[in-house]
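Work through the following exercises with the structure open beside you. Try each task before you read its solution.

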Amino acid sequence: MMGINRRNMSILLATIFGSSFLLTASWGSSGDAVFAAVTHGPTKEECAACHMAYPAGLLPARSWKKMMGELDRHFGEDASLAPEVASGITKYLIENAADTPRGTQLMSRIASGIPGNSAPQRFTETRHFGYLHDEVPSYVWKRKGIASKANCVACHTKADEGSFVEREIRIPKQ
Ligand code: HEC
Ligand code: HEC
């Protein structure tokens with residue numbers, strides 16, 4: 001069991017204070033929990049129809065390639081696109097993926113936690129997601145206002161701008 005450190009302390013506080021408590025303390029903030037905002041037009045339009053447009057830096061290129069090749073079977077939905085639209089989006093996602101050589105430290109940490117022979121389709125099932133969120137109790141994930149780990153924006157108020165810094169986190173009360 002981990003001792004109290006800056007990271008789990010703020011979660012502890014958020015949990016104790018009932019949650020809608022804004023994590024104003026920037027103690028643990030590394031300042032690098034920011035991804036490039038999704039600026040590619042078609043990705044912003046087509047990939048934010050059902051959920052926020054996830055930053056390309058959340059998954060390695062091979063994951064995006066696989067996902068874009070099976071959009072007709074996308075998490076139980078048909079998210080198919082015209083081939084030319086899909087290929088533009090694929091190119092954008094691959095060029096900005098977690099394993100791109102010019103990625104940020106956060107991106108390389110995500111990438112290095114994923115075995116080379118796997119192409120996960122969910123950032124929420126990667127090792128680094130687990131590491132970053134290991135102090136969030138399981139009952140919190142089940143709150144109605146969250147519903148899914150993939151619902152980043154429920155807690156990260158600026159997730160749709162690519163920002164996940166600690167001071168912007170607000171955990172829904174229920
Ligand atoms: C028709 C609706 C729909 C569209 C359009 C759509 N998605 Fe999804 N996507 C889903 C659903 C449903 C899930 C599962 C969400 C959940 O588990 O809460 C999902 C999950 C994901 C996840 C996994 C999130 C995680 O880490 O758990 C990624 C990545 C993703 N979508 C990327 C994309 C991309 C890229 C596009 C555009 C090409 C796209 N989606 C378009 C419905 C859609
Ligand atoms: C239950 C609310 C919740 C949801 C939903 C959630 N997170 Fe988090 N996230 C947290 C908390 C709490 C932390 C830890 C904050 C800390 O100690 O810095 C965190 C930390 C992070 C960090 C590191 C922040 C830093 O300052 O280093 C990243 C990046 C991140 N989350 C990304 C995501 C992404 C991407 C999603 C969606 C796929 C997501 N999170 C979904 C609550 C959530």
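The exercises below concern a predicted model, and they go from the whole chain to a pair of helices and then to single residues.

**Exercise 1. The chain as a whole**

Determine how many helices and strands the chain has, and what percentage of its residues count as buried.

Solution. Begin with the secondary structure, which comes to seven helices and zero strands, so that reading along the sequence gives the pattern α-α-α-α-α-α-α. Next, turn to burial: of the 174 residues in the chain, 24% count as buried. Finally, look at the contacts whose separation is 6 or more, where residues 24 or more positions apart account for 63%.

**Exercise 2. Two packed helices**

Describe how helix α3 and helix α4 pack, giving the angle and the distance between their axes, and state which residues meet.

Solution. Two packed helices are described by the angle between their axes and by the distance between those axes. Here helix α3 covers residues 61-69 and helix α4 covers residues 83-95, and they pack at an angle of about 165° with their axes 9 Å apart. Because angles over 145 degrees count as roughly antiparallel, α3 is roughly antiparallel to α4. The crossing in which α3 passes α4 is right-handed. On the side of α3, the residues that meet the other helix are A61, W64, K65 and M68, while on the side of α4 they are A86, I89, T90, L93 and I94. The residues of this contact divide into seven nonpolar, one polar and one charged.

**Exercise 3. The buried face of α3**

Find which residues of α3 are buried, and explain why they line one face of the helix.

Solution. The buried residues in α3 are S63, W64 and M67. Seen down the axis of α3, these buried residues fall within an arc of 95°, and therefore they line one face of the helix. A general point helps here: an α-helix has 3.6 residues a turn, so residues three or four places apart point the same way. The buried residues of α3 pack against α4.

**Exercise 4. Two residues of α4**

Decide whether A86 is buried, exposed or partly exposed, do likewise for G88, and list the contacts of A86 beyond four places in sequence.

Solution. A86 lies in helix α4, and because a residue needs 20 or more C-beta neighbours within 10 Å to be buried and 12 or fewer to be exposed, A86, with 17 such neighbours inside 10 Å, counts as partly exposed. Leaving aside neighbours within four places in sequence, A86 is in contact with M68, L71 and L81. The C-alpha atoms of A86 and M68 are separated by 6.9 Å, although the two residues are 18 residues apart along the chain. G88 also has its place in helix α4, and G88 is partly exposed, with 17 other C-beta atoms within 10 Å. Between G88 and T43 the C-alpha to C-alpha distance is 8.4 Å, while in sequence they are 45 residues apart.

Terms used
Residues are numbered from 1 along each chain as its sequence is written. Chains are lettered from A and ligands numbered from 1 in the order in which they are written. This is a predicted model: local features need pLDDT of at least 70, side-chain atom pairs count only at pLDDT 80 or more; totals for chains, interfaces and linings use all residues. Axes are lines fitted to C-alpha atoms, for helices over the stretch in contact, and angles run from 0 to 180 degrees between N-to-C directions. Helices (H or I, at least four residues) and strands (E, at least two) are DSSP runs, numbered from the N terminus. Angles under 35 degrees count as roughly parallel, over 145 as roughly antiparallel, 65 to 115 as roughly perpendicular and the rest as oblique. A crossing is left-handed if the near helix is turned anticlockwise from the far one by less than a right angle, and right-handed if clockwise. Two residues are in contact if their C-beta atoms, placed from the backbone, lie within 7 Å. Ala, Val, Leu, Ile, Met, Phe, Trp, Tyr, Cys and Pro count as nonpolar, Asp, Glu, Lys and Arg as charged, and the others, Gly among them, as polar. The arc is that of the directions from the helix axis to the C-beta atoms.
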